[in-house]
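Here are my notes on this one, written as numbered points. Keep the 3D view open and follow along as you read.

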Amino acid sequence: MSTPALNELPKVAVDLKSQLEGFDTNNMKHAVTQEKSVLPTAEDLATEKTQKALIDGVEAFDTSKLKPTETQEKNLLPDKDAIEQEKGQQKLIAGIENFNPKSLKHTETKEKNPLPTKEAIAQEKGA
């Protein structure tokens, strides 16, 4: 972001500018600031101690106490039914993607809105 040029800065009214230039800081009231130091509660200390104990326990853990294990990797292949079902889905998708809309015949759409007969109107009024 570049610094704006002098002519781009907002203009300050003359009376406000004179008031700002003539401002005396001795007219201000003295205020005492109070610094507050918030101490943690007993609950905060207890949670911090438990977290510290957990971290220390993990850091100080002796890995020589662990027993060696062998992992058995299983590669479960889908059965024939699942394979056939997936092939059917893939054929369906391929058929939709490769569909040629030029093979469709041209049709005319006719909208039909049959009006009720006088007898039907009379029955509804009577009900």
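How many salt bridges does the structure hold? Keep that question in mind; it gets its reply in point 4. Before you start, remember that this is a predicted model.

1. Start with the overall build. The protein chain has four helices and zero strands. Read from the N terminus, the order is simply α-α-α-α. With a radius of gyration of 43 Å, against the 14 Å that the globule rule gives for 127 residues, the chain is well over that value, so it is more spread out than a compact globule. If you want a feel for the extent, the C-alpha trace spans about 95 × 75 × 55 Å along its principal axes.

2. Now look at the surface. Buried residues make up 0% of the 127 residues in the protein chain. The accessible surface comes to about 14400 Å², and carbon and sulfur atoms account for 56% of that area. As for charge, you'll find 18 positive and 22 negative side chains. The centres of those two sets sit 10 Å apart.

3. Helix α2 is a nice place for a quick check. It covers residues 42-59, which is 18 residues, and at 1.5 Å a residue it should span 26 Å. The C-alpha atoms at its ends are 26 Å apart, so the expected span and the model agree. How many of its residues are buried? The count is zero, and α2 is hardly covered.

4. Stay on α2 for the reply I promised: the structure holds one salt bridge. The partners are K52 and D56, whose side chains meet at 3.5 Å, N to O. Why are these two about one helical turn apart? Because they are four residues apart in helix α2. Their surroundings are worth a look too. K52 has 51% relative accessibility, and since exposed means over 50%, K52 counts as exposed. D56 comes in at 32%, so D56 counts as partly exposed.

5. Next, move along to helix α3, which runs over residues 80-97 and holds Q85. Is Q85 buried or exposed? Its relative accessible area is 54%, so Q85 is exposed. Try picking out D15 as well: Q85 and D15 are 70 residues apart along the chain, and their C-alpha atoms are separated by 85 Å.

6. Q90 is in helix α3 too. Its relative accessible area is 48%, so Q90 is partly exposed. Between Q90 and N113 there are 41 Å in space, C-alpha to C-alpha, with the two being 23 residues apart in sequence.

7. Finish in the loop between α3 and α4, where you'll find K110; helix α4 itself is residues 118-126. K110 has a relative accessibility of 70%, so K110 counts as exposed. How far is the C-alpha atom of K110 from that of L39? They are separated by 82 Å, and the two residues are 71 apart along the chain.

8. To pull it together: you have a chain of four helices that is more spread out than a compact globule. Buried residues make up 0% of it, and its one salt bridge links the side chains of K52 and D56.

Notes
Residues numbered from 1 in each chain as written. Predicted model: local features only at pLDDT ≥ 70, side-chain atom pairs only at ≥ 80, totals over all residues. Heavy atoms only, no water. Rg over C-alpha atoms; globule rule 2.2 N^0.38 Å. Buried < 20%, exposed > 50% of the residue type's maximum accessible area, 1.4 Å probe, protein only. Areas by Shrake-Rupley, 256 points an atom, 1.4 Å probe, with all protein chains shown as cover. Lys, Arg positive; Asp, Glu negative; His and termini not counted. Charge placed at Lys NZ, Arg CZ, Asp CG, Glu CD. Expected span 1.5 Å × (residues − 1). Salt bridge = Lys/Arg side-chain N within 4 Å of Asp/Glu carboxyl O.
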